[in-house]
Number of protein chains: 2
Amino acid sequence: MTKPPLTVRELIRDHYPTLTQSERKFANSLLEKYPAAGLASITIVAANAEVSTPTIARMVQKLGFKGYPQFHQALLKELEAKVSGPTQRRENWASEAPEGHMLNRFSQAVTDNLSQTFSNVDSGQFDAAVRQLAKTEGRLYVVGGRITRALADYAFTHFQAIRQRVTHMTSSSATWPHYVLDMEEGDTLLLFDVRRYETNLQRLAELAAERGVKVVLITDQWASPIAAVAAHTFNCWVEIPSAWDSNISTMMLLEAMIAATQEESWDKTKERYDRLDELFDTTRLFRKFS
Amino acid sequence: MTKPPLTVRELIRDHYPTLTQSERKFANSLLEKYPAAGLASITIVAANAEVSTPTIARMVQKLGFKGYPQFHQALLKELEAKVSGPTQRRENWASEAPEGHMLNRFSQAVTDNLSQTFSNVDSGQFDAAVRQLAKTEGRLYVVGGRITRALADYAFTHFQAIRQRVTHMTSSSATWPHYVLDMEEGDTLLLFDVRRYETNLQRLAELAAERGVKVVLITDQWASPIAAVAAHTFNCWVEIPSAWDSNISTMMLLEAMIAATQEESWDKTKERYDRLDELFDTTRLFRKFS
DNA sequence: TCTCTTCTGAAATTATATTGACAGAATTTA
DNA sequence: TAAATTCTGTCAATATAATTTCAGAAGAGA
């Protein structure tokens with residue numbers, strides 16, 4: 001039988017009647033700013049509650065802890081559990097595959113990656129990057145590396161539908177100088193670089209930055225060296241149980257950017273979409289969706 | 001002028017490029033359990049991240065703190081501010097972006113899609129498809145449509161690393177007959193088709209199936225008509241708050257398949273990977289990952 | 001008011017945390 | 001491959017934290 005570990009909050013409530021005046025002073029101060037008010041050193045905590053350190057020491061022993069460090073640790077465990085708790089919500093959507101099946105291992109890794117990636121995006125940076133991507137006065141160049149070429153391609157296809165003046169720089173770096181020649185201030189370079197970082201891409205980014213082009217970099221959690229010259233950098237978590245890296249979080253961030261860019265300039269975009277639809281109907285390339 | 005107090009998370013993000021390997025080890029462990037992993041004593045924190053205490057001390061100084069205690073205090077201040085702030089019941093893994101922000105709406109939609117997709121995969125089908133994809137006796141053809149071309153490209157790049165005899169059929173359908181001419185029994189066709197389904201792709205699938213080629217189809221939740229001739233069909237949920245469809249779940253399934261295929265034939269694959277690595281080293285195209 | 005009991009914090013003691021110096025390991029560069 | 005650089009952990013020193021002791025303060029009851 002596993003014992004249910006009481007939270008410190010509950011412990012305090014239980015022992016409150018037996019606490020002395022100064023001890024209550026501390027108890028109140030902790031409950032008010034829980035758990036932060038209990039996570040500093042005993043000295044600081046005591047000063048904040050305006051009591052002496054022995055008071056705190058005696059009280060945590062009353063609560064059942066061996067000493068202040070143990071009490072501190074208990075608070076920390078609680079906090080940790082709270083933060084990592086929701087991740088376990090994944091249980092719901094595991095498929096019927098057996099425990100160690102690739103599908104389940106994979107879903108776990110992907111969930112973690114997405115979670116990490118999301119919580120590390122700075123929404124200010126994101127908004128700024130989106131505004132940059134929506135700037136139709138300048139040209140938008142898109143480029144990726146060996147693996148991320150596919151993502152660049154995906155980005156290109158979508159951005160092309162949203163706005164004008166989009167260029168996909170082919171992955172053959174021999175042609176890049178021609179593009180650089182035409183780059184000018186106000187242009188944007190959307191660049192994908194995940195490990196193994198490519199020196200070609202770095203050169204390209206440096207040249208572009210020199211010419212006043214704003215570089216939007218999408219990279220992995222370890223950050224490509226290009227971050228040094230990029231106007232906006234985004235880190236995506238990419239680790240999976242495999243010899244290579246996953247690009248799902250990268251794709252997710254990219255799609256979020258596309259969606260936001262579209263929203264940013266919906267008036268202009270809507271018309272483009274309608275015209276595109278018409279064209280598809282005309283060419284009969286696609287079946288009508290039923 | 002009020003100073004904008006950067007969060008520790010932001011500080012880490014800003015300094016990440018200049019961090020050393022062990023410092024990143026700690027940075028990752030902290031970001032993973034933020035802020036709990038940084039609120040114990042330097043000794044404990046170091047042990048948890050599996051680095052030495054001086055490493056931590058050096059790093060927090062890099063971040064701009066005078067010493068570990070100052071760093072600890074900064075984390076605590078953040079925690080305190082968060083608890084007393086208005087956004088107390090923040091959604092689990094949403095970033096710090098406001099409620100209705102695109103990032104948060106997007107994360108919700110993506111989570112739902114992945115969840116749906118996962119719980120609708122039949123692990124038997126999955127395993128069977130993987131076995132088919134790992135069959136190196138036959139040739140593996142990969143093809144996608146207007147949007148999914150990028151996914152096909154991604155699949156091609158990875159499968160090419162894993163096995164021999166892989167062909168990416170370009171999206172220009174004019175060239176397809178040439179490929180079909182050479183298709184024979186035992187070959188595999190990995191095909192992506194999401195709405196709007198493309199008639200070209202359907203023709204192609206029918207022709208291939210007639211010739212005894214096993215078709216592995218990755219499509220959306222409404223299923224492309226190609227499912228009728230496919231040996232294995234997988235449905236991916238693709239709806240997001242946008243005028244277009246998301247391909248994150250599609251990508252996820254694809255990556256899971258690649259990972260499983262690689263596992264299936266790891267003995268053969270490992271050697272290919274090593275050789276590939278050597279080649280990259282030789283060409284110096286990529287930086288060594290540090 | 002006095003005395004007894006209980007509580008509290010100053011100070012001393014002990015334990016632990018933090019930092020700095022250094023040398024070996026790992027990595028990059030020539 | 002060898003030299004130079006950078007990184008990383010061990011160890012010692014120093015500082016700080018936690019605990020214990022104890023004398024005085026505060027309150028309760030007579």
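Trainee: Which helices of chain A and chain B make up the surface near DNA strand D, and what makes each of these runs count as a helix?

Mentor: In this predicted model, helix 3 (42-49), helix 4 (53-62) and helix 5 (68-84) of chain A, and helix 2 (21-32) and helix 4 (53-62) of chain B, each give at least two residues to the surface near DNA strand D. Each is called a helix because it is a DSSP run of H or I with at least four residues, whereas a strand is a run of E with at least two, both being numbered from the N terminus. Residues are numbered from 1 along each chain as its sequence is written, with chains lettered from A and ligands numbered from 1 in the order in which they are written. As for the model, local features need pLDDT of at least 70 and side-chain atom pairs count only at pLDDT 80 or more, while totals for chains, interfaces and linings use all residues, and side-chain values use heavy atoms, with hydrogens and water left out.

Trainee: How many residues surround DNA strand D, and what makes a residue count as near the strand?

Mentor: There are 16 residues around DNA strand D, with I42(A), G67(A), T20(B), S22(B) and T55(B) as the closest. Of the atoms of DNA strand D that come within 4 Å of the protein, 71% belong to sugar and phosphate. A residue is called near because one of its heavy atoms lies within 4 Å of the molecule or strand.

Trainee: What makes the approach of S22(B) to a phosphate oxygen of DNA strand D a polar contact?

Mentor: An N or O atom in the side chain of S22(B) is 2.5 Å from a phosphate oxygen of DNA strand D, and a polar contact is a pair of N or O atoms within 3.5 Å, so the pair qualifies (within protein, one atom must also be able to donate a hydrogen and the other to accept it, and residues adjacent in sequence count only if both atoms are side-chain atoms). Backbone N or O atoms also reach phosphate oxygens of DNA strand D, that of Y68(A) at 3.1 Å and that of Q21(B) at 3.4 Å.

Trainee: Which residues are the closest to DNA strand C?

Mentor: Among 18 residues around DNA strand C, the closest are T20(A), S22(A), T55(A), I42(B) and G67(B). Sugar and phosphate make up 74% of the atoms of DNA strand C that come within 4 Å of the protein. The side chain of T20(A) places an N or O atom 2.5 Å from a phosphate oxygen of DNA strand C, and for the side chain of S52(A) the corresponding distance is 3.2 Å. The largest share of the surface near DNA strand C, 4 residues, is provided by helix 4 of chain B.

Trainee: How are the residues near DNA strand C divided by class, and what makes a residue polar?

Mentor: The surface near DNA strand C has 6 nonpolar, 11 polar and 1 charged residues. Ala, Val, Leu, Ile, Met, Phe, Trp, Tyr, Cys and Pro count as nonpolar and Asp, Glu, Lys and Arg as charged, so the others, Gly among them, are called polar.

Trainee: What area do chain A and chain B bury between them?

Mentor: The two chains bury about 8300 Å², 64% of it on carbon and sulfur atoms; the term means the accessible area (1.4 Å probe) that two parts lose on being put together, summed over both. The contact, meaning heavy atoms within 4.5 Å, takes 88 residues from chain A and 89 residues from chain B.

Trainee: Why is the pair R149(A) and D153(B) called a salt bridge?

Mentor: The closest N and O atoms of R149(A) and D153(B) are 2.9 Å apart, and the rule asks for a side-chain nitrogen of Lys or Arg within 4 Å of a carboxyl oxygen of Asp or Glu, so the pair meets it. The rule finds 5 salt bridges across the interface of chain A and chain B, and the structure holds 9 over all chains. R149(A) lies in helix 8 of chain A and D153(B) in helix 8 (residues 149-162) of chain B, so this pair joins two chains.

Trainee: What is the form of the peptide bond from Y34(A) to P35(A)?

Mentor: That bond is cis, with omega near 0 degrees, and P35(A) sits in the loop between helix 2 and helix 3 of chain A. The bond from Y34(B) to P35(B) is also cis, with omega near -5 degrees. Most peptide bonds are trans.

Trainee: What is the average pLDDT of chain A?

Mentor: Chain A averages 84, and 87% of the residues score at least 70, on a scale from 0 to 100 that gives the predictor's confidence in each residue. Over residues 84-94 of chain A, however, the pLDDT is below 50, although this stretch has 17 contacts in the model beyond near neighbours in sequence.
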